[in-house]
Amino acid sequence: MNKAEDSEGSAGYYRRMQSAVEELLVLRGILTPEGIEEQVAAMDSRTYKSGAKVVARAWVDAAYKARLLDDPRTAVAELGFSVGPMHLIVIENTPTVHNVVVCTLCSCYPRMLLGVPPHWYKSREYRSRVVREPRAVLAEFGCELPTGIDIRVHDSTADMRYMVLPLRPAGTAGLGEAALAELVTRDCLVGVGLAACPTSSG
Ligand code: FE
């Protein structure tokens, strides 16, 4: 992989290939244009806010958190989210362990709960560096961790996706579930950020 492969020429090739395959599937009656549009719209409508709701529930309900860590598929289904055929693993940050997710091979990502991955997640730089020097990469995201915290990097695959359960920020004892969900960013679900209480931190 190099930058040239990400250039307009390569994108043009894949767009033409996509159009050709789409046309063939429609011509053969396997898919309809409406069906394709519906699927694309459904995919675009998914965002990390789903993952944030799951995290907020785990923060307020210890029994739910235990179920989420034990059997993520069933636990997220309790909140109305389906992860489809993929195997989802939820990894919990603790005061001494911080988790971060990557797909070193390509861009595997729990889209059902987090939506479309950000551009940097798919970049070669992130995929190669976060496994070698996670602390430095996290610092570049503004996530500076004390040296006493152990950083664990989890490599996703086509059928195994990870979501981080971040630490509940201090100073949030009075907040309800919906307000807590607002504190959960996409970055902290991937592990390149920390959930923060707006009154105690920027
Ligand atoms: Fe991948």
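**Exercise 1. Find out whether tyrosine 14 is buried or exposed, then look at its pairing with tyrosine 13.**

*Step 1.* Tyrosine 14 has a relative accessible area of 54%. Exposed means over 50%, so tyrosine 14 is exposed. Keep in mind that you're working with a predicted model here.

*Step 2.* Now for tyrosine 13: its relative accessibility is 42%, so it counts as partly exposed.

*Step 3.* How many aromatic pairs does the structure hold? There are 7 of them. In the pair made by tyrosine 13 and tyrosine 14, the ring centres are 5.1 Å apart and the planes meet at 80°. Planes over 60 degrees apart count as edge-to-face, so that's the label this pair gets.

**Exercise 2. Work out how tryptophan 120 and tyrosine 126 are arranged.**

*Step 1.* Start with the distance: the two rings sit 5.0 Å apart, centre to centre.

*Step 2.* Next comes the angle. The planes of tryptophan 120 and tyrosine 126 are 70° apart, and the pair is edge-to-face.

*Step 3.* Check the surroundings: tryptophan 120 and tyrosine 126 are both buried.

*Step 4.* Finally, zoom out. Trp120 and Tyr126 belong to one aromatic cluster, together with Tyr109, Tyr121 and Phe141.

**Exercise 3. Describe the iron site and explain why its arrangement is irregular.**

*Step 1.* List the donors. The iron ion is held by Cys103 (SG), Cys106 (SG), Cys108 (N) and Cys108 (SG), at 2.1 to 2.6 Å. Notice that Cys108 turns up with both N and SG.

*Step 2.* Look along the sequence: the donor residues follow the spacing C-x2-C-x1-C.

*Step 3.* Turn to the angles. The 4 donor atoms subtend 80 to 130° around the iron ion. Four donors count as tetrahedral if all angles lie between 85 and 135 degrees. The range around the iron ion starts at 80°, and the arrangement is irregular.

*Step 4.* Which of these cysteines is buried, and which partly exposed? Cysteine 108 is buried, with a relative accessible area of 10%, while cysteine 106 is partly exposed at 34%.

**Exercise 4. Sketch the second largest pocket.**

*Step 1.* Jot down the volume: about 240 Å³ of space.

*Step 2.* Go round the lining. It takes in 16 residues, and those nearest the centre of the pocket are His98, Leu145, Leu167, Leu194 and Ala195.

*Step 3.* Sort the lining by character: 11 residues are nonpolar, 3 polar and 2 charged.

**Exercise 5. Place the domains.**

*Step 1.* The domain assignment gives domain 1 as 3–45 and domain 2 as 49–190.

*Step 2.* Between the C-alpha centres of domain 1 and domain 2 there are 29 Å.

Key. Residues numbered from 1 in each chain as written. Predicted model: local features only at pLDDT ≥ 70, side-chain atom pairs only at ≥ 80, totals over all residues. Heavy atoms only, no water. Donors = N, O, S within 2.8 Å, 3.2 Å for Na, K, Ca; no water. Tetrahedral: all angles 85-135°; square planar, octahedral: opposite > 155°, others 65-115°. Buried < 20%, exposed > 50% of the residue type's maximum accessible area, 1.4 Å probe, protein only. Domains from an automatic or database assignment. 1 Å grid on protein atoms, 1.4 Å probe; cavity = no way out; pocket = protein on both sides within 12 Å on 5 of 7 lines; lining within 4 Å. Points joined across faces, edges and corners; volume = space filled by probe spheres on them. Nonpolar A, V, L, I, M, F, W, Y, C, P; charged D, E, K, R; others polar. Phe/Tyr/Trp six-rings, centres within 6.5 Å; stacked < 30°, edge-to-face > 60°.
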